[in-house]
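Visitor: Before we look together, I would like each term you use to be set against its cut-off, so that the reasoning can be followed.

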Amino acid sequence: MFAFVFTSCEKEDNLQPEGQWELSEAIILAPAADQAIVLDEDTPNETITFNWEAAESSAGYAVTYQVLIKPATATDFSTPIFSSESNNNGTATALSISYEDMDEALAFAGFPANQEAQITFAIQAMSLSKTSITTSELNVTRFETEALPQALYISGTATENNNDLAQAIALRRLTDSNGAQSNSHEVYTSLVAGETYKFYSERSLPALQFGGSDGNIEAFGEAIVAENSGVYRITVNLDNNTYQLLQIDFWSMVGTPINGGWGGDEPLDYQGNGVWKASINLLETGGFVFRANGDWGYLLKRIVGTPNSLAMESDAGNLGVSVEDVPNNQTGLYVVTLNLSAENYNYAFEVDDTVVAPIDTPTQLFLLEDGNMIEELTLNGDVFSSDRFIPMQASNTYTLNSASDGSGTAYTVNGLLADSLTPDGDAVTDALTLVENSNTFTLASDRAIRFSIDFSTPELTWTYYNFKLFHWQNWDDRVELPMAYSHPNTFTITADLIAGSDSKFISPWDFDMGGDNPTELTGNLINGGGSNLVNINTDGTYTVTIVLEDDYQSGTYEFAQ
C-alpha cells in the first residue's frame with residue numbers, strides 16, 4: 001500500500017506545467033471606455049494609441065498581445081475589421097493605429113464617411129496555448145470624405161469567376177485627359193442573366209463593396225442583378241457613383257487586309273476573360289480597326305507610339321492619348337487576338353498553321369493491321385466510316401490504304417492515336433489531322449475504336465467507350481465501378497458486391513446493358529432493353545466479365561466468385 005501511494009505522489013509531482021497555471025487579463029489604460037475620437041483627414045498620419053497594463057502568467061511564461069477591433073453590433077471577434085500584434089513583435093503593451101488605417105478599416109466594415117462608428121476593441125493576451133481577452137467600447141467618427149479605392153474587381157454568381165472573390169476579375173483604371181489616373185474603371189466580361197455581381201476594392205474581405213441598380217452604385221448596396229446574358233463593356237465612375245453596360249455582340253476586324261476591305265467584316269469569337277480571337281485570311285497589307293457590333297461609333301485603334309496597345313477612338317481625348325488605324329504588313333492566314341483584359345488593351349497576330357489542305361478522296365479505304373487488311377470502311381461523300389467498334393492492339397501497327405493489299409496510297413495520322421485513354425467509363429472522341437503517304441500509327445493501349453475519316457478536312461475522328469459496373473440498392477447511392485478493357489471487346493472488374501442489389505453495365509450514357517435472364521450469374525446482354533441484373537444472393541468478391549459484340553448492342557456476362 002505504501003508503494004502504491006508513493007508512486008502516485010511521484011506522478012503528481014512530475015505533471016507538466018500546462019494547465020496548472022493561470023493567465024490574467026490585460027488592463028486597458030487607453031483609450032478610455034466610450035471615448036469619442038474624431039479622425040481628421042488633414043492629419044492622416046496622426047495616431048490612436050492603445051495601451052494596457054501587462055497580463056501575467058502565474059508560471060512566469062512570456063506573454064504576447066494582439067489588438068482586435070469589431071463593430072459593436074458584432075457578436076464576437078471571429079471576423080475582426082482590424083487585427084494586429086502589438087509593437088515589438090507582439091511583446092509590447094501598446095499599439096498605435098494611424099487615422100488613415102483606422103478610417104480604412106471602418107470603411108471596409110461599411111461605416112459611412114463623416115459618421116460616428118461604435119466599435120469594440122479587445123486586447124488579447126497569449127501565452128503558450130492560453131489566451132485571455134479584455135474589451136472596451138470606443139466611438140470613432142470617420143473622415144469627412146470617402147476614400148476612393150485605387151483598384152476595382154468584379155465578382156458574383158453572374159461573372160466569369162464563379163463567385164470566387166480570390167479570382168475576382170480586375171477592372172482597368174482609366175486615365176484622364178492629362179494622363180493621370182481617374183476614378184473611372186472598366187472591364188470587358190460576360191454576365192449571366194438573373195445572377196448578381198458587385199464591385200470590390202480587394203480580392204478578399206474586408207473590402208469596400210459597391211452594389212446598386214439602374215445605373216447607380218452605392219457603397220455596400222445590394223448586389224446588382226444582370227438583366228441579360230452576354231458579353232459587356234462595364235464602366236464604373238466613382239466620382240458620380242454610376243455604372244454603364246454596353247453589350248458587345250461581337251468585335252470584328254474591318255479594313256484593307258480583309259475580304260471586302262472597309263466594307264467587309266471579319267468577326268472574332270469571344271474566348272472569355274476579355275479575349276476575342278479568330279483565324280482571318282489577310283489578303284493585303286494596310287491599315288484596319290476593330291469595330292464593336294458593326295457600329296462605327298465603337299472603334300478600337302492603336303495608341304500612337306505603342307507597338308500594339310489599343311484605345312477606343314471615342315475615348316482617346318478623355319484618356320489623354322492619340323490613336324491611329326492599326327498598321328499591317330502581313331498577308332496570309334493569321335490567328336488575330338484582341339485582348340481587352342484589365343492590364344493593357346492590345347492585339348496580336350500569329351501565323352495560323354492549323355489548317356491543312358484537303359486530300360483527294362479515294363474510291364476505297366481499308367484499315368490494315370501489321371500489313372493485313374482487317375476492315376473496309378464505308379464511303380459517304382468525302383467521309384469513310386466504320387459501323388462497328390474495331391478491336392485494335394497497342395502491340396500492332398496500323399495504316400489506312402486505298403488498296404486492300406497495301407499497294408495503294410497510304411494514309412495515317414499526325415499523332416499517337418488514343419494516346420490518353422483512361423478507363424473512366426465515359427466515351428471519348430478525338431480528332432487528328434490525316435496525312436497522306438506517311439508512316440503507320442499505333443495505339444497507346446488496346447482499344448476497340450469506331451472511325452470516321454473526312455478527306456475534305458482532312459481529319460480522322462475516333463471514338464471509343466469504356467464501361468462501368470453500376471451496382472445499387474438505392475439508385476442515388478449507387479457505386480460506379482470502372483471496368484478494365486482487354487482484347488477483344490472484353491471488360492472485366494473484381495469488386496465486392498452486395499446481395500439483393502441491382503447491377504447493370506453502362507457507358508454513361510450512350511450504352512445501357514442489361515440481361516435477358518436477370519437472376520443468373522451468366523447470361524446474355526442486351527443494350528437498352530435488358531433488365532437490371534438481380535443475381536447477387538451472397539455478399540462477396542466477384543470477378544465480373546462482359547464480352548460485347550462489335551456493335552455494342554449485345555454480348556454476354558459472367559459473375560464468378
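Visitor: What makes the pair formed by the side chains of Thr120 and Glu137 a polar contact?

Guide: In this predicted model, the two side chains lie 2.8 Å apart, and since a polar contact requires a pair of N or O atoms within 3.5 Å, the pair of Thr120 and Glu137 is counted as one. Glu137 is also among the residues that Thr120 touches, together with Thr135, Ser136 and others, including Leu68, Ile69 and Phe77.

Visitor: Why is Thr120 called buried?

Guide: Its relative accessible area is 4%, and because buried means under 20%, Thr120, which belongs to strand β7 (residues 116–127), is classed as buried.

Visitor: Which element gives the most residues to the largest nonpolar core?

Guide: That element is β7, with five residues, in a core of 30 residues where Leu39, Phe50, Ile69, Met102 and Leu106 touch the most other members. Other elements giving two or more residues include β3 (47–53), α3 (99–108) and β8 (130–141).

Visitor: How do you know that β45 and β46 are paired strands?

Guide: Pairing requires at least two bridges, and six join β45 (residues 540–548) to β46 (residues 554–560), therefore the two antiparallel strands count as a pair; Leu548, for instance, has Gly555 in β46 as its bridge partner.

Visitor: What makes β39 and β40 edge strands of the sheet?

Guide: The order of this open, nine-stranded sheet is β39-β38-β42-β43-β44-β46-β45-β41-β40. Because β39 (479–482) and β40 (484–486) each have a single partner strand, one side of each is left without a neighbour in the sheet.

How values were computed
Residues numbered from 1 in each chain as written. Predicted model: local features only at pLDDT ≥ 70, side-chain atom pairs only at ≥ 80, totals over all residues. Heavy atoms only, no water. Helix = DSSP H or I, 4+ residues; strand = E, 2+ residues; numbered from the N terminus. Buried < 20%, exposed > 50% of the residue type's maximum accessible area, 1.4 Å probe, protein only. Polar contact = N/O pair within 3.5 Å; in protein donor to acceptor, adjacent residues only side chain to side chain. Contact = heavy atoms within 4.5 Å. Core = buried A, V, L, I, M, F, W, Y, C linked by side-chain atoms within 4.5 Å. Lists of a residue's contacts leave out its neighbours within four places in sequence.
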